[in-house]
Amino acid sequence: MSEENIKLLKKAGLKITEPRLTILALMQLHKMQHFSAEDVYKLLLEQGEEIGLATVYRVLNQFDEAHILVRHNFEGNKSVFELAPPEHHDHIICVDCGKVFEFNDKVIEERQKEISKEHGIQLESHSLYMYGKCADIKNCDKDK
């Protein structure tokens, strides 16, 4: 049990439970990936954990509300989660294999602020999802 994770859950106002600690540790182990609730459930089963799918959904939603995780709705309206990043980033998603690439571009960020200002909007947050196909077909995980 990680003391850091216990502090994180307490700070978020969440009770310290074994499922929450286990799911948080799993997300931290795979911190550069995006997982659906079903993906998390399958990984837990592979680890021999007995946490039900309904509990996984509930915990992921609680983590999203507490800003521990970020929920994304990529193409197909399927929610995926990632650990809340220390810095904002955007995503490029392959429509064939679903692979997600993260990037940060200062020019794009500045342009979004300018456009918001032009329209009289005080930008609070945003998400940029770009969709395409892997340029190198050999590295596309299309059959997964």
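1. In this predicted model, helix α5 has three buried residues to consider: Glu109, Gln112 and Ser116. They sit on the same side of α5, because the arc they cover around the axis is only 60°. Residues three or four places apart point the same way, since an α-helix has 3.6 residues a turn.

2. The other side of α5 carries exposed residues, namely Lys106, Val107, Lys117 and Glu118. What covers the buried residues of the helix includes strand β3 (90–94).

3. The length of α5 raises no concern. The helix runs over residues 106–118, and at 1.5 Å a residue its 13 residues should span 18 Å; the end C-alpha atoms are 18 Å apart, so the expected and modelled spans agree.

4. Both ends of α5 have a feature to record. At the N-terminal end, Asp105 acts as a cap, with a side-chain oxygen 2.9 Å from the backbone nitrogen of Val107. Just after the helix, Gly120 adopts a positive phi of about 75°.

5. Which residues have the most contacts inside the largest nonpolar core? They are Ile23, Met27, Val40, Val56, Leu60 and Phe63, in a core of 22 residues. Two or more residues each come from α1 (3–11), α2 (18–29), α3 (37–46), α4 (53–65) and β2 (78–83). Of these elements, α2 gives the most, with five residues. As background, nonpolar side chains tend to be buried together in soluble globular proteins.

6. Leu60 can be taken as an example from that core. Leaving aside residues up to four places away in sequence, Leu60 touches Ile23, Ala37, Val40, Leu69 and Phe81.

7. There is one aromatic pair in the structure. The ring centres of Phe74 and Tyr129 are 4.9 Å apart and the planes are at 90°, so the pair is edge-to-face; the cut-off for that class is over 60 degrees. Phe74 belongs to strand β1 (residues 69–74) and Tyr129 to strand β5 (residues 129–132), so the pair ties together parts that are 55 residues apart in sequence.

8. Are the two partners of this pair buried or partly exposed? Phe74 counts as buried because its relative accessibility is 8%, under the 20% limit. Tyr129, at 24% relative accessibility, counts as partly exposed.

Notes:
Residues numbered from 1 in each chain as written. Predicted model: local features only at pLDDT ≥ 70, side-chain atom pairs only at ≥ 80, totals over all residues. Heavy atoms only, no water. Helix = DSSP H or I, 4+ residues; strand = E, 2+ residues; numbered from the N terminus. Expected span 1.5 Å × (residues − 1). Buried < 20%, exposed > 50% of the residue type's maximum accessible area, 1.4 Å probe, protein only. Arc of directions from axis to C-beta. Contact = heavy atoms within 4.5 Å. Polar contact = N/O pair within 3.5 Å; in protein donor to acceptor, adjacent residues only side chain to side chain. Core = buried A, V, L, I, M, F, W, Y, C linked by side-chain atoms within 4.5 Å. Phe/Tyr/Trp six-rings, centres within 6.5 Å; stacked < 30°, edge-to-face > 60°.
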